[in-house]
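Work through the exercises below with the sequence and the model open. Each task is followed by a stepwise solution.

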Amino acid sequence: MSDKEEMALDSGLNVTLTLRLLMHGKEVGSIIGKKGETVKKMREESGARINISEGSSPERIVTITGPTEGIYRAFSMIAQKFEEDITAAMTNSNVTSKPPVTLRLVFPGSQCGSLIGKGGSKIKEIRETTGAQVQVAGDMLPDSTERAVTISGTPQAITQCVKHICSVMLESPPKGATIPYRPKVLAAGAHAVLAPQHSAQAFAIPGQYAFAHQDDWMLLHQRVHRSWQYPTILLAA
């Protein structure tokens, strides 16, 4: 991380930032926990506000707001929870290779250029420094000026990656008005934005930002949060 970025983070310690995550309903169920106990603990221990969008959409927006240190702690706890879910699911699975934790940020499109950097230099630096995989979607999310930014790796790598992302947000504020992405209820047979896709329309450095979506991984993913059921959430096939 450059001296300029370090200064941006240091000066932003008392500045309130907001990061938004896009999650499946079952992923949301994991961080809510039984009777809301897990998310309550995350809020108390991180000091960040964690709000989850309402509605019957198969996708939900999880908004994390607070000072940078609070945001780091919240992301660390969320990533650690997903890591625990994956480990638990693997005990009853034939999958031998442990998949990484994957989080999907919803990021203002006007800031994506700063996140990518000239010729991909910034995103390459983040990957090499943190060990996390990073992918910035090439297209805006529907009816918005935001893009999906996928980060994948160990909980520690993800937390370090979020620190870099916060420095970009502080150093390069969004330009103009941001139209936020709002998940919609889908008609039968439709596919959610988070459904596995194999689109090449994303910024990626060949060989460095490939994500595994094999059948075995999808089966494992389905098992991770099998116990969480939301009757109002209809996940498209």
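Accessible areas come from the Shrake-Rupley method with a 1.4 Å probe, and for residues only the protein chains shown count as cover. The model is predicted, so local features need pLDDT of at least 70 and side-chain atom pairs count only at pLDDT 80 or more, while totals for chains, interfaces and linings use all residues. Residues are numbered from 1 along each chain as its sequence is written, and side-chain values use heavy atoms, with hydrogens and water left out.

**Exercise 1. Describe the chain as a whole, including its confidence.**

Step 1. The chain exposes about 12,200 Å², and carbon and sulfur atoms supply 52% of that area. Of its 237 residues, 46% count as buried (buried means under 20% relative accessible area, exposed over 50%, partly exposed in between, with a 1.4 Å probe and protein chains only).

Step 2. The chain has 8 helices and 7 strands. Helices (H or I, at least four residues) and strands (E, at least two) are DSSP runs, numbered from the N terminus.

Step 3. Take contacts (heavy atoms within 4.5 Å) between residues at least 6 apart in sequence: 76% of them join residues at least 24 apart.

Step 4. The average pLDDT (the predictor's confidence in each residue, from 0 to 100) is 80, and 72% of the residues score at least 70. Over residues 195-237 pLDDT stays under 50, and the model has 82 contacts beyond four places in sequence for this stretch. Where pLDDT is low, the predicted coordinates should not be read in detail.

**Exercise 2. Place Thr 63 and Val 62 among their neighbours.**

Step 1. Thr 63 belongs to strand β3, residues 59-66. Leaving out residues up to four places away in sequence, Thr 63 touches Thr 18, Leu 19, Arg 20, Arg 49, Ile 50 and Asn 51.

Step 2. Thr 63 and Arg 20 are separated by 43 residues in sequence, but their C-alpha atoms are 4.5 Å apart.

Step 3. With the same exclusion of residues up to four places away, the contacts of Val 62 include Leu 19, Leu 21, Met 23, Val 28, Ile 31 and Ile 52.

**Exercise 3. Which residues of the largest nonpolar core touch the most other members?**

Step 1. A nonpolar core is a set of buried Ala, Val, Leu, Ile, Met, Phe, Trp, Tyr and Cys residues joined through side-chain atoms within 4.5 Å.

Step 2. The largest core has 46 residues, and those touching the most other members are Leu 21, Val 62, Ile 64, Phe 75, Ile 78, Ile 151 and Val 162. Helix α4 gives the largest share of this core, 10 residues.

Step 3. Another core, of 6 residues, lies apart from it; Ile 61, Val 106, Leu 141 and Tyr 181 are among its members.

**Exercise 4. Analyse three salt bridges.**

Step 1. A salt bridge is a side-chain nitrogen of Lys or Arg within 4 Å of a carboxyl oxygen of Asp or Glu. The whole structure contains 6 salt bridges.

Step 2. Arg 20 pairs with Glu 146, with the closest N and O atoms 2.9 Å apart. This pair links distant parts of the chain, as Arg 20 is in strand β1 (residues 17-24) and Glu 146 in strand β6, 126 residues apart. Arg 20 is buried at 17% relative accessible area, and Glu 146 is buried at 4%.

Step 3. Asp 85 bridges to Lys 81 at a closest N to O distance of 2.8 Å. Both lie in helix α4 (residues 68-90), 4 residues apart, about one turn of the helix. Asp 85 and Lys 81 are both buried.

Step 4. For Glu 125 and Lys 122, the closest N and O atoms are 3.6 Å apart. The two are separated by about one helical turn because they are 3 residues apart in helix α6, residues 121-130. Glu 125 is partly exposed at 28%, whereas Lys 122 is buried at 8%.

**Exercise 5. Check the span and burial of helix α7.**

Step 1. The expected span of a helix is 1.5 Å times one less than its number of residues.

Step 2. Helix α7 (residues 155-171) has 17 residues and should span 24 Å; its end C-alpha atoms are 24 Å apart, which agrees.

Step 3. In α7, 12 of the 17 residues are buried, so the helix is largely enclosed by the rest of the structure. Among them are Pro 155, Ile 158, Cys 161, Val 162, Ile 165 and Met 169.

**Exercise 6. Examine the backbone at Lys 35 and Asp 143.**

Step 1. Most residues other than glycine have a negative phi.

Step 2. Lys 35, although not a glycine, has a positive phi of about 55°. Lys 35 sits in the loop between α2 (25-32) and α3 (37-46), and is exposed at 84% relative accessible area.

Step 3. Asp 143, also not a glycine, has a positive phi of about 55°. Asp 143 is in the loop between β5 (133-137) and β6 (146-153), and counts as exposed at 59% relative accessibility.
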